[in-house]
Amino acid sequence: MNASRARRVGLRDDHWRGTRQVIPREAAGEGAWGVEECGCAPTPAEIRALRAGVSRRTLLGAGTAGLVAAIVAGPLLPAAFAATYPSWDDVQAAKANEATKVAEVQRIQGFIQSLTGEVARTRTAAEQAAGAFYTAQQEYFAAAVRADTLQSQADAEAANATDAANKAGRVAAQLYRDGGDQTSLELFFSGSAATANDLLTRLGVMDKLLERNQRVYATAITARDAAQSLTDQAVVARDERDRLQTLAEQKMSESQQAADAAQAALDAQTLNLGQLQAQLAALQDTTAKTIADYQAGVEAARIAEEQRRAAERAEAERLAAAGNGGGVVSSGWARPTSGRRTSDFGPRSSQCGNGYCSTSYHYGVDLSGGCSAGIYAAAAGTVVYAGYNGGYGNYIKIDHGGGIGTGYAHIRNGGFNVGYGQRVNAGDLIGSEGNTGNAFGCNLHFEAYVNGSPVNPINFLAARGVSI
């Protein structure tokens with residue numbers, strides 16, 4: 001296979017991309033796209049081994065954070081990229097013929113325009129989908145809290161009704177323990193009453209007891225009715241919560257698909273744009289500069305980019321080594337970062353800054369270890385979302401099974417160490433702290449979910465032996 005056909009697309013990792021040629025269905029005869037293998041991609045066993053997850057110990061010992069950054073097969077690229085890019089041999093041949101050169105220039109310009117346009121289109125679609133996911137998720141969280149609050153209020157009123165009814169029963173027993181009005185007469189006539197004042201006093205006591213019983217009974221009735229009304233409201237609220245949960249899950253899936261499409265477009269642009277631009281410059285250049293010089297420039301740019309990413313990984317590893325984040329306790333759970341807690345779960349005063357205001361209810365806790373500080377999986381599980389999420393910025397959600405999940409928000413741009421569908425272990429480095437979304441500084445916004453609804457992460461982790 002020549003260089004013009006061995007273009008690598010589809011795998012999101014920058015170092016382990018398989019060389020694959022995407023060809024139309026008509027030529028492949030299977031599915032929407034066929035894949036022509038060149039034999040130089042990682043084997044399935046190698047990919048599974050790389051996807052297995054990286055513990056903090058393994059990461060720091062082997063320095064492989066970059067390899068695990070995104071070893072997840074992305075979606076096949078759209079038709080705009082299902083083309084044979086020109087090789088340097090093609091450019092060399094075209095340069096020798098003016099007519100061929102003009103056609104090749106136009107072809108390369110079309111490729112560049114398609115790459116740039118596809119990145120812009122998919123990025124816009126991903127941002128819109130992420131915004132819809134964030135809105136649906138927040139509406140679902142609010143509905144879940146409302147349903148829980150109404151049910152708690154209903155339970156409290158039911159307890160009040162039971163208590164009031166018990167009190168009414170005790171007063172009634174005191175007044176009528178003989179089963180009728182005989183007790184009232186006994187209370188009135190028992191003992192000696194020397195004067196009319198004594199008789200009036202006894203009568204007043206009996207009337208007060210009767211009045212008190214009526215008040216307690218009325219209180220019990222009011223509490224019972226309130227409990228029933230709140231229970232009815234809680235049922236309606238739970239139905240709405242369930243509807244919004246389904247909608248949020250749908251929007252999450254759509255957002256993940258849009259994020260994957262945007263990443264695939266960006267990967268294709270990153271992989272091909274520099275070379276296409278250099279080839280275009282070579283064709284348009286009238287000087288004596290050789291094709292080899294342009295190729296050398298492309299290679300130098302590639303090496304510089306690899307060095308930059310290596311420096312970022314080294315800094316992330318250095319920060320990951322600090323603090324007690326990622327330490328796994330006997331329960332199998334870990335602290336998600338080494339940062340101190342800066343904001344708690346629950347109602348709070350809205351804060352404004354950076355062009356936005358925070359919500360009045362905080363569905364997680366903020367932990368601040370500093371920009372690029374390591375973020376670790378709180379427990380073993382599967383990544384069910386990894387991408388942008390509106391006000392949460394870059395966000396990861398992990399499903400731990402049994403209705404338990406965790407969320408990690410405000411991850412820095414370029415700070416993902418895992419991808420959608422990847423299996424992780426407790427304490428694995430999954431990302432690094434950032435200031436994306438509605439954040440007031442670098443921090444991790446950490447959430448815990450039980451059956452999809454947010455719960456207090458402080459109590460949730462404490463019950464599993466982890467203190468935050």
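**Figure 1. Overview of the protein chain in the predicted model.** Of the 468 residues in the protein chain, 42% are buried, and the secondary structure amounts to 10 helices and 16 strands. When contacts between residues at least 6 apart in sequence are considered, 71% of them join residues that are at least 24 apart. The surface that the protein chain exposes comes to about 22,900 Å², of which carbon and sulfur atoms supply 52%.

**Figure 2. Close-up of strand β14 and the strands paired with it.** Strand β14 spans residues 429–433, and because five of its five residues are buried, this strand is largely enclosed by the rest of the structure. Strand β9, which covers residues 374–376, runs antiparallel to β14 and is joined to it by three bridges; in one of the pairings shown, Y376 has L429 of β14 as its bridge partner. Strand β12, covering residues 404–416, is likewise antiparallel to β14, with two bridges joining these strands, and here F416 stands opposite G431 of β14. As background for reading the side chains in such a view, those of a regular strand alternate between the two faces of the sheet.

**Figure 3. Close-up of E433, a buried acidic residue in strand β14.** Which side chain of opposite charge is nearest to E433, and how far away is it? The nearest is that of R335, at a distance of 7.6 Å, and E433 has no salt bridge although it is buried. Because a salt bridge requires a side-chain nitrogen of Lys or Arg within 4 Å of a carboxyl oxygen of Asp or Glu, the 7.6 Å separation from R335 does not qualify. A polar atom of the E433 side chain does, however, lie 3.0 Å from the backbone nitrogen of G369.

**Figure 4. Close-up of A154 in helix α6 and its surroundings.** Helix α6 extends over residues 98–176 and includes A154. Is A154 buried or exposed? Its relative accessibility is 2%, so A154 counts as buried, the cut-off for that class being under 20% relative accessible area. Once its neighbours within four places in sequence are set aside, A154 is in contact with A227, L230 and T231. The view also takes in S229, which is separated from A154 by 75 residues in sequence, while the C-alpha atoms of A154 and S229 are 7.8 Å apart in space.

Note on methods:
Residues numbered from 1 in each chain as written. Predicted model: local features only at pLDDT ≥ 70, side-chain atom pairs only at ≥ 80, totals over all residues. Heavy atoms only, no water. Helix = DSSP H or I, 4+ residues; strand = E, 2+ residues; numbered from the N terminus. Buried < 20%, exposed > 50% of the residue type's maximum accessible area, 1.4 Å probe, protein only. Contact = heavy atoms within 4.5 Å. Areas by Shrake-Rupley, 256 points an atom, 1.4 Å probe, with all protein chains shown as cover. Lys, Arg positive; Asp, Glu negative; His and termini not counted. Polar contact = N/O pair within 3.5 Å; in protein donor to acceptor, adjacent residues only side chain to side chain. Pairing = 2+ DSSP bridges.
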